[in-house]
Amino acid sequence: MKRALVSVSDKTNLIEFVSGLVELGYEIISTGGTKKALDEAGLPTIGISEVTEFPEIMDGRVKTLHPKVHGALLCVRDNPSHVEQIKELGIDYIDLVCVNLYPFKETVQKPNVTHEEIIENIDIGGPSMLRSASKNYRYIPVLCDPNDYDKVLAELKENGETSLETRELLAAKVFRHTAAYDAMIADYLTTKTHNKFPEKLTITFDKVQDLRYGENPHQEAAFYKGMKPSYSIANAKQLHGKELSYNNIQDGNAAIEILKEFEGQPAVVGLKHMNPCGVGIGKSLEEAWDKAYEADPVSIFGGIVAMNQPINVAVAEKLSKIFLEIIIAPSFDQEAFEILSKKKNIRLMELDTTLDVTTKVKYTNVNDGLLVQDVDHHQIREEDVRCVTNRKPTAEEMEQLLFAWKVVKHVKSNAIVLVKDNMTVGVGAGQMNRVGAAKIAIEEAQEKAKGCVMGSDAFFPMPDTVEEAVKAGVTAIIQPGGSIKDQLSIDVCNEHGIAMVYTGIRSFKH
């Protein structure tokens, strides 16, 4: 008679699967809560202590770590010396393993959880059994995912055994499963010990979905998310529309990062190709949308919109009049949703804006490598800036300067942003020289540039950018400062009555 070892924390479809094994003539070895659940369902089980002839000890910490378990799992069945040894030692084969692990991730995410509870949810015996059996996949199917139960049962019923190909696929999944599990534990302890950049970086992600293609149709792609629920596109819920694309997800992420800068006030971000085309804030969401749209009604066509307030009917009616790829918001009023969902393809995304925004590090891949850095959460307040010109900015100008800084730090470098009346009026992004970015922003703003303020993500190496600002009618500038030729730009500002403040910090975005 064949034997299966079953010990699971996730009991999804457990009874149905084990019932199928019993019908196929398997004896079921089980432990703890799994054995209790199977016994209550009327399924025959053998306790692990009956196999090991040794009691579970230390509150269940030690129960399966025994030669009669691991010998049964690791025996190479066409190796005569292995077979002879297990016969001499009275070890019976285990022919199938179904194990999943203590809920470490769920435990870490529980509110007010203690360190001691987290440590107790580090599984030792489970990974050991999974790894032993998977090393021996030539003979043993190993299941760690309830999604594989039906496939394995079907093969057993049809052929009396699983195929080598299936066992190999299952083993690969097991090693991914245990590697991810160990990575979560390593991450928890590494964070607890304040080691930001350890000698080995172990991170793990769960697959969200396969994508139709990557940046271009000839590139394959998939989307994964991290272990911790956070205020990000990875945790947005799609309510309507066709599947997200690779570029949609990139753009959604970029829009949300800008939106985070405007906590506590209605804000709207319009974005295209990773750069904002319009950002507006207002006393209401409708006012914020009007400003974001007016900022650049041409570029927003086919773009995405992110908002930090629930979308009502008035806003939905305005949004429905233009072509948008995605709308992201905390929620949609029922009537607003009905208006927007009349468009078959538009993606409507619901995102909880109360989730944790303090993502600590950012990962950027390079060929055969990974760059890791702190996320740029640095905030600039009025008391942080230093005025370097004869004229100080007015209160209104200072408010607009701080707005400009919140946006320009999220624009691809070299970046220049023009702001007026709580909205962007010109964005110059990703240029090879700063004056080029300024010219683009000014050209976009046209007559709106007169009386606006300018934000620059890095210092002015020459006074030419300020000279362009003078010609456009800019009245105040915010920039990091720090060029050896700072005084040249200051002199131009003083000559034309422009107020300029330094942040003392640069915000490049490559």
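In the predicted model, five strands form an open sheet in the order β3-β2-β1-β4-β5, and their pairing is parallel. The edges are taken by β3 (46-47) and β5 (142-143). Each has a single partner strand, so one side of each is left without a neighbour in the sheet. Strand β2 covers residues 27-30 and runs parallel to β3, with two bridges joining them. One residue pair can be named here: S30 has G47 of β3 as its bridge partner.

A second set of pairings centres on strand β19, residues 453-456. Strands β17 and β19 pair in the antiparallel sense, over four bridges. Here I416 has S456 of β19 as its bridge partner. Strand β20 (residues 476-479) runs parallel to β19, and three bridges join the two. Within this pairing, M454 stands opposite I477 of β20. In a regular strand, side chains alternate between the two faces of the sheet. Both faces of β19 are covered. V453 and G455 lie on one side, M454 and S456 on the other, and all are buried. S456 thus appears twice in this account: it is the bridge partner of I416, and it is one of the buried residues of β19.

Charged side chains were examined next. Side chains of opposite charge can pair when their charged atoms come close. The structure holds 23 salt bridges. One of them joins the side chains of D374 and K196, at 3.1 Å from N to O. This pair links distant parts of the chain, with the two positions 178 residues apart in numbering. D374 belongs to strand β15 (residues 369-374). K196 sits in the loop between α10 (164-192) and β6 (206-211). Both partners are partly exposed: D374 has a relative accessible area of 39%, and K196 has one of 47%.

A salt bridge also forms between E261 and K409, whose closest N and O atoms are 3.2 Å apart. Distant parts of the chain are again linked, as the two residues are 148 residues apart. Both ends lie in loops. E261 is in the loop between α11 (246-259) and β9 (267-272). K409 is in the loop between α15 (395-408) and β17 (416-420). The cut-off for a buried residue is under 20% relative accessible area. E261 counts as buried because its relative accessibility is 8%. K409 is buried too, with a relative accessible area of 5%.

The salt bridge between E286 and K318 connects two helices. Its closest N and O atoms are 3.0 Å apart. E286 is in helix α12 (residues 285-295) and K318 in helix α13, 32 residues apart. E286 has a relative accessibility of 29%, so it counts as partly exposed. K318, at 26%, also counts as partly exposed. Elsewhere, D145, D148 and K173 are linked in a network of salt bridges.

Helix α13 spans residues 313-319 and also contains E317. This residue contributes to a negative surface patch, formed together with D333, E335 and E338. Patch members must have over 30% relative accessible area and no salt bridge. E317 counts as partly exposed, at 43% relative accessibility.

Backbone geometry shows several exceptions to the general pattern. Most residues other than glycine have a negative phi, and most peptide bonds are trans. A cis peptide bond joins S413 and N414, with omega at about -10°. N414 lies in the loop between α15 and β17. K409 is placed in that loop as well.

Positive phi values occur at N13 and D421. N13 is not a glycine, yet its phi is positive at about 55°. It lies in the loop between β1 (3-7) and α1 (14-23). N13 counts as partly exposed, at 43% relative accessibility. D421, also not a glycine, has a positive phi of about 55°. Its place is the loop between β17 and β18 (423-428). At 45% relative accessibility, D421 counts as partly exposed.

How values were computed:
Residues numbered from 1 in each chain as written. Predicted model: local features only at pLDDT ≥ 70, side-chain atom pairs only at ≥ 80, totals over all residues. Heavy atoms only, no water. Pairing = 2+ DSSP bridges. Patch = residues over 30% accessible without salt bridge, like charges linked within 9 Å, V, L, I, M, F, W, Y side chains within 5 Å. Areas by Shrake-Rupley, 256 points an atom, 1.4 Å probe, with all protein chains shown as cover. Salt bridge = Lys/Arg side-chain N within 4 Å of Asp/Glu carboxyl O. Lys, Arg positive; Asp, Glu negative; His and termini not counted. Charge placed at Lys NZ, Arg CZ, Asp CG, Glu CD. Buried < 20%, exposed > 50% of the residue type's maximum accessible area, 1.4 Å probe, protein only.
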